[in-house]
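Subject: The structure I promised you

Hello,

Here is the structure we talked about, ready for you to open. Have a look around it first, and then read on for my notes.

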Amino acid sequence: MRKTKITVTAAARNFADCVNRAHYQNVTFVLLKNGSAVARLVPDNEKVCSGRDLAEALAKVTLPEAEAAAWHREIQKSRKSLRTPADKWR
C-alpha cells in the first residue's frame with residue numbers, strides 16, 4: 001500500500017479524487033497542516049487491530065503455564081517502562 005503526503009487544502013480541493021484513489025488504488029493519504037501530519041485518509045480494507053480485536057484473539061489462545069507466566073512478567077516489566085506523554089492530546 002502506498003502512502004502519499006498531501007496538504008489539507010489540496011485534499012479538500014481534490015477530495016473526490018483522493019477518495020477514489022484510496023478505494024481503487026489502495027493509496028493512503030497522510031494529511032499535512034503546516035507541514036505536520038494531522039490525519040490520514042485510508043482505504044476501508046486496511047487492516048486495523050483494535051484493542052477489542054486483540055483481546056478476542058488472545059482469549060482464543062491457550063499457552064502452557066510456564067509460557068503464560070513468562071509472558072505476564074514481560075507485560076508487567078513493559079508497563080513499568082511506560083511514561084505518560086507530556087501532551088495528553090498527542
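Val61 sits in the loop that links helix 3 (51-59) to helix 4 (65-81). Please keep in mind that this is a predicted model, so every value below was computed from it. How exposed is Val61? Its relative accessibility is 47%, and because partly exposed covers the range between 20% and 50%, Val61 counts as partly exposed. Val61 also belongs to a nonpolar surface patch of about 450 Å². The other residues that make this patch are Leu54, Leu58, Leu63 and Trp71.

Next, the sheet. Three strands form an open sheet in the order 1-2-3, with mixed pairing. Strand 1 (2-7) and strand 3 (36-41) are the edge strands, and each of them pairs on one side only. From one strand to the next, the twist averages 30°.

Where does the mixed pairing show up? Look at the two sides of strand 2 in turn. Strand 1 and strand 2 (residues 27-33) run parallel and are joined by six bridges. To find this pairing on your screen, start from Ile6, whose bridge partner in strand 2 is Leu31. You can also start from Thr7, whose bridge partner in strand 2 is Leu32. Strand 2 and strand 3, on the other hand, pair in the antiparallel sense, over five bridges. Here Phe29 is a good place to start, with Leu41 as its bridge partner in strand 3.

Is strand 2 enclosed or open to the outside? Six of its seven residues are buried, so strand 2 is largely enclosed by the rest of the structure. Buried here means under 20% relative accessible area. Helix 2 (residues 15-25) lies across strand 1, strand 2 and strand 3. The helix runs at about 145° to strand 2. When you look at the side chains of the sheet, it helps to remember a general point: in a regular strand they alternate between the two faces of the sheet.

Two asparagines are worth a visit. Asn26 lies in the loop between helix 2 and strand 2, and Asn34 lies in the loop between strand 2 and strand 3. Asn26 has a positive phi of about 55° although it is not a glycine. Asn34 has a positive phi of about 55° as well, and it is not a glycine either. What do strand 2 and strand 3 form around Asn34? They form a hairpin with two residues between them, and Asn34 is in the turn. As for accessibility, Asn26 counts as partly exposed because its relative value is 28%, whereas Asn34 is exposed at 79%.

One last stop is Asp44, in the loop between strand 3 and helix 3. With 81% relative accessibility, Asp44 counts as exposed, because the cut-off for exposed is over 50%. How far apart are Asp44 and His23 in sequence and in space? They are 21 residues apart in sequence and 7.3 Å apart in space, C-alpha to C-alpha.

Happy exploring, and do write back with any questions!

Best wishes

Terms used:
Residues are numbered from 1 along each chain as its sequence is written. This is a predicted model: local features need pLDDT of at least 70, side-chain atom pairs count only at pLDDT 80 or more; totals for chains, interfaces and linings use all residues. Side-chain values use heavy atoms; hydrogens and water are left out. Two strands pair if DSSP finds at least two bridges between them. Helices (H or I, at least four residues) and strands (E, at least two) are DSSP runs, numbered from the N terminus. Axes are lines fitted to C-alpha atoms, for helices over the stretch in contact, and angles run from 0 to 180 degrees between N-to-C directions. Contact means heavy atoms within 4.5 Å. Patches are made of residues with over 30% relative accessible area and no salt bridge: like charges are joined within 9 Å, nonpolar side chains (Val, Leu, Ile, Met, Phe, Trp, Tyr) within 5 Å. Accessible areas come from the Shrake-Rupley method with a 1.4 Å probe; for residues, only the protein chains shown count as cover. A salt bridge is a side-chain nitrogen of Lys or Arg within 4 Å of a carboxyl oxygen of Asp or Glu. Buried means under 20% relative accessible area, exposed over 50%, partly exposed in between (1.4 Å probe, protein chains only).
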